[in-house]
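User: Please take a close look at the disulfide bonding in this structure, and set what you find in the context of the surrounding chain. I would like one connected account.

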Amino acid sequence: MTGAPEDPSADAPSPRRRRRALRILALAVAAGLAAAVGLGWWAYVQLDGNLRTDTAAERALAEQAGLRPKSSGRAENILVMGSDYRPELGSARSDTVLLVHLAGDGKRLQVVSVPRDMMVPIPSCPRTGATASRAQYAQFNWAFDLGGAACTIRTFEDLTGIRVDHHLVVGFEGFSRIVDAVGGVEVDLPRAERDPNVGLDLSAGPHLLQGTDALAYVRAREHVGDGSDTNRMSRQQAFLGQLSAKLRSSGTLFNPARLYPVLDAVTSSITADSGLDSLGKLYDLVARLRAVPEGQVDYRTVPRKPYAADPDRDVPDEPAASELFRSLREDRSPPPDPAKG
């Protein structure tokens, strides 16, 4: 005798049980989203709070507003300064200065390096709690030590006639943290390198440089290569290119555990004017820079030649330097780069 046919609905949950299960699932999803949003908001607040506003520079520049060149119009000029505090000297220099020029139509980007050892007129600069520095003819990187970011900006503006719309000061103390956060950067040295001035001591061959050694590597100059500032700038550009590649890699961008320390290190090392002192403002700038068409980004250094009174120093090479500055002021394509033949 066969048994009664099974009721296919016997083990199925009732409509009431299904509704209850869906409610529990919805609550769990909502709770998860709320937690994610909460953590995201916490991270945003933390990172945004790391950024510092350079009120001292803004105040000093306001005092000398009448001496500054006029804005170039829709184009945007951002001066990026690398601040390197030297405890052994008790001073801070800006050995890395870049002008980032974003064309008014957003379709062209120029990045111009200013050599640290280039001899230029440095104007008198106001200083917090001290008398103003005296005007003098000295190497460009002295301006930062004499009067901070504002003095570097004024020196650059007097040299070029280009109005600086915004500025960023990036402390080298955050650089080593960024390198550590991405797991180090690889370099392969054809010969051993030792520079006691910055604590560099590396054997020939491949190295995975972590924070402290990476900082020494990019600061080294006098005892590596030909000892020139040009050689150091080339090393820095190559190293930063490899660091940028690791920052853009999926292992960093899509891994919150690695991305947050990177962003924390970056934002902790930045001091900016009030136009760039928040994550939202920086994100907007980065979005506009990334929108520049490929092939429309021009990298170069201010044309220079040896200084007659001291061959270890440079002076602007004319008329090439003035032609470059004029093209930037007028927001047009730059002249051919003499350094590239």
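**The disulfide and its surroundings**

Analyst: In this predicted model, a search of the whole structure finds 1 disulfide. The bond joins Cys 125 to Cys 151, with an S to S distance of 2.1 Å, and a disulfide is in general a covalent bond between the sulfur atoms of two cysteines. The torsion about the S-S bond of Cys 125 and Cys 151 comes to about 70°, and the disulfide is therefore right-handed. The two partners belong to distant parts of the chain, 26 residues apart: Cys 125 sits in the loop between strand 5 (119-122) and strand 6 (136-139), whereas Cys 151 lies in helix 3. With relative accessible area under 20% as the cut-off for burial, both Cys 125 and Cys 151 are buried.

Helix 3, which carries Cys 151, also has a part in the second largest pocket, giving 7 residues to the lining, the most of any contributor. That pocket has a volume of about 340 Å³. Its lining consists of 17 residues, and those closest to the pocket centre are Ala 56, Ala 57, Thr 128, Gly 147 and Gly 148. The elements that give two or more residues to this lining are helix 2 (55-63) and helix 3 (142-160). By class, the lining of the second largest pocket is made up of 9 nonpolar, 3 polar and 5 charged residues.

For the wider setting, the secondary structure of the protein chain comes to 10 helices and 15 strands. Of the 341 residues in the protein chain, 43% are buried, and the two cysteines of the disulfide are buried as well. Among contacts between residues at least 6 apart in sequence, 63% join residues at least 24 apart; the cysteines of the disulfide, for their part, are separated by 26 residues. The chain exposes about 18,600 Å², of which carbon and sulfur atoms supply 56%.

Burial can also be followed along another element, helix 5 (residues 211-219), which is mostly covered, with 7 of its 9 residues buried. The buried residues of helix 5 are Gly 211, Ala 214, Leu 215, Ala 216, Tyr 217, Val 218 and Arg 219.

To return to the part you asked about, the disulfide between Cys 125 and Cys 151 thus links a loop between two strands to helix 3, with both of its cysteines buried, and helix 3 is the element that gives the most to the lining of the second largest pocket.

How values were computed: Residues are numbered from 1 along each chain as its sequence is written. This is a predicted model: local features need pLDDT of at least 70, side-chain atom pairs count only at pLDDT 80 or more; totals for chains, interfaces and linings use all residues. Side-chain values use heavy atoms; hydrogens and water are left out. On a 1 Å grid over the protein atoms alone, a cavity is a set of points where a 1.4 Å probe fits but cannot get out, and a pocket is an open set with protein on both sides within 12 Å along at least five of seven lines; lining residues have an atom within 4 Å of a point. Grid points are joined across faces, edges and corners, and a volume is the space filled by probe spheres set on the points. Helices (H or I, at least four residues) and strands (E, at least two) are DSSP runs, numbered from the N terminus. Ala, Val, Leu, Ile, Met, Phe, Trp, Tyr, Cys and Pro count as nonpolar, Asp, Glu, Lys and Arg as charged, and the others, Gly among them, as polar. Buried means under 20% relative accessible area, exposed over 50%, partly exposed in between (1.4 Å probe, protein chains only). Contact means heavy atoms within 4.5 Å. Accessible areas come from the Shrake-Rupley method with a 1.4 Å probe; for residues, only the protein chains shown count as cover. A disulfide is a pair of cysteine sulfur atoms within 2.5 Å.
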